[in-house]
Amino acid sequence: MPESPDTARITVAPMTVEHAAGVLALGRRVYDTTVKPYTSWSLSAVARHLDGDGSTCRIALDEGRLAGFVLGSLGFDRRTDWGLLEWIAVDPGHQGRGIARRLVEECCAGLFAAGAAAVVTEVESQNTASAALMRRSGFAEGAVVTLFVREPEE
């Protein structure tokens with residue numbers, strides 16, 4: 001699929017500490033952090049990725065403005081040989097232009113180059129757009145896990 005002139009001006013680059021505030025702000029706009037499992041979205045979550053192998057963290061820029069990001073890391077649960085694509089977001093004004101797909105591909109390439117035998121990601125069951133993106137990007141459902149939550153009794 002050839003890039004449109006609008007998409008062609010998007011550049012994907014490694015994320016640095018200078019991008020952390022913008023990434024945090026975009027994540028807060030895109031993720032409903034009152035809903036589990038997104039409650040872990042925080043500055044420390046962003047910083048943890050930069051402290052690790054930051055080569056798997058990418059940003060998408062539209063003429064210098066943050067249009068999206070992806071955060072990945074080597075290691076998933078007890079599998080140190082698996083990569084994790086943990087967080088991805090595209091600014092709503094930039095969605096539908098293939099930016100998320102580019103970010104997924106860049107992150108996966110970085111994780112495989114770092115030695116990952118596989119890359120895993122988690123998608124909330126109601127997030128059909130992200131599930132479709134992952135399928136288009138070569139991911140297949142490997143396991144279904146239901147998050148059971150018990151709130152304190154009042």
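The exercises below work through a predicted model, beginning with one arginine and moving outwards to the sheet, the cores and the cysteines.

Residues are numbered from 1 along each chain as its sequence is written, and side-chain values use heavy atoms, with hydrogens and water left out. Because the model is predicted, local features need pLDDT of at least 70 and side-chain atom pairs count only at pLDDT 80 or more, whereas totals for chains, interfaces and linings use all residues.

**Exercise 1. Describe the surroundings of arginine 58.**

Step 1. Locate the residue: arginine 58 lies in strand E2, residues 58–62. Helices (H or I, at least four residues) and strands (E, at least two) are DSSP runs, numbered from the N terminus.

Step 2. Assess its exposure. Buried means under 20% relative accessible area, exposed over 50%, and partly exposed in between, with a 1.4 Å probe and protein chains only. Arginine 58 has a relative accessible area of 14% and is therefore buried.

Step 3. Find the polar partner. The arginine 58 side chain makes a polar contact of 3.1 Å with the side chain of glutamate 106. Such a contact is a pair of N or O atoms within 3.5 Å; within protein, one must be able to donate a hydrogen and the other to accept it, and residues adjacent in sequence count only if both atoms are side-chain atoms.

Step 4. List the other contacts, where contact means heavy atoms within 4.5 Å. Leaving aside neighbours within four places in sequence, the residues in contact with arginine 58 include Val12, Ala13, Pro14, Met15, Phe69 and Leu103.

**Exercise 2. Place strand E2 in its sheet.**

Step 1. Establish the order. Five strands form an open sheet, E1-E2-E3-E4-E5, with mixed pairing. Its edge strands are E1 (10–14) and E5 (118–120), each of which pairs on one side only. Two strands pair if DSSP finds at least two bridges between them.

Step 2. Examine the two neighbours of E2. E1 and E2 run antiparallel and are joined by five bridges, with valine 12 opposite alanine 60. E2 also pairs with E3 (residues 65–76) in the antiparallel sense, over five bridges. Across that pairing, arginine 58 stands opposite valine 70, and isoleucine 59 has phenylalanine 69 as its bridge partner.

Step 3. Inspect the turn. The hairpin of E2 and E3 has two residues between the strands, and glutamate 63 takes a positive phi near 50° there.

Step 4. Determine the burial of the strand. Arg58, Ala60 and Asp62 point one way from E2, Ile59 and Leu61 point the other way, and all are buried. Since five of the five residues of E2 are buried, the strand is largely enclosed by the rest of the structure.

**Exercise 3. Identify the nonpolar cores.**

Step 1. Apply the rule: a nonpolar core is a set of buried Ala, Val, Leu, Ile, Met, Phe, Trp, Tyr and Cys residues joined through side-chain atoms within 4.5 Å.

Step 2. Take the largest core, which has 18 residues; among those with the most contacts inside it are Leu85, Ile88 and Leu103. Two or more residues come from each of E3, E4, helix H4 (99–113) and helix H5 (128–136). H4 gives the most, with six residues.

Step 3. Follow one member. Not counting residues up to four places away in sequence, isoleucine 88 touches residues including Tyr31, Phe69, Val70, Leu103 and Met134.

Step 4. Turn to the second, separate core. This core has 16 residues, including Met15, Tyr31, Cys57 and Ile59.

**Exercise 4. Explain why cysteine 57 and cysteine 107 form no disulfide with each other.**

Step 1. State the criterion: a disulfide is a pair of cysteine sulfur atoms within 2.5 Å.

Step 2. Check the distances. For cysteine 57, the closest cysteine sulfur is that of cysteine 107, at 6.9 Å, which is too far for a bond. For cysteine 107, the closest is that of cysteine 108, at 5.7 Å, also too far for a bond.

Step 3. Give the count and the setting. The rule yields zero disulfides. Cysteine 57 is buried, with a relative accessible area of 0%, and cysteine 107 counts as buried at 0% relative accessibility.
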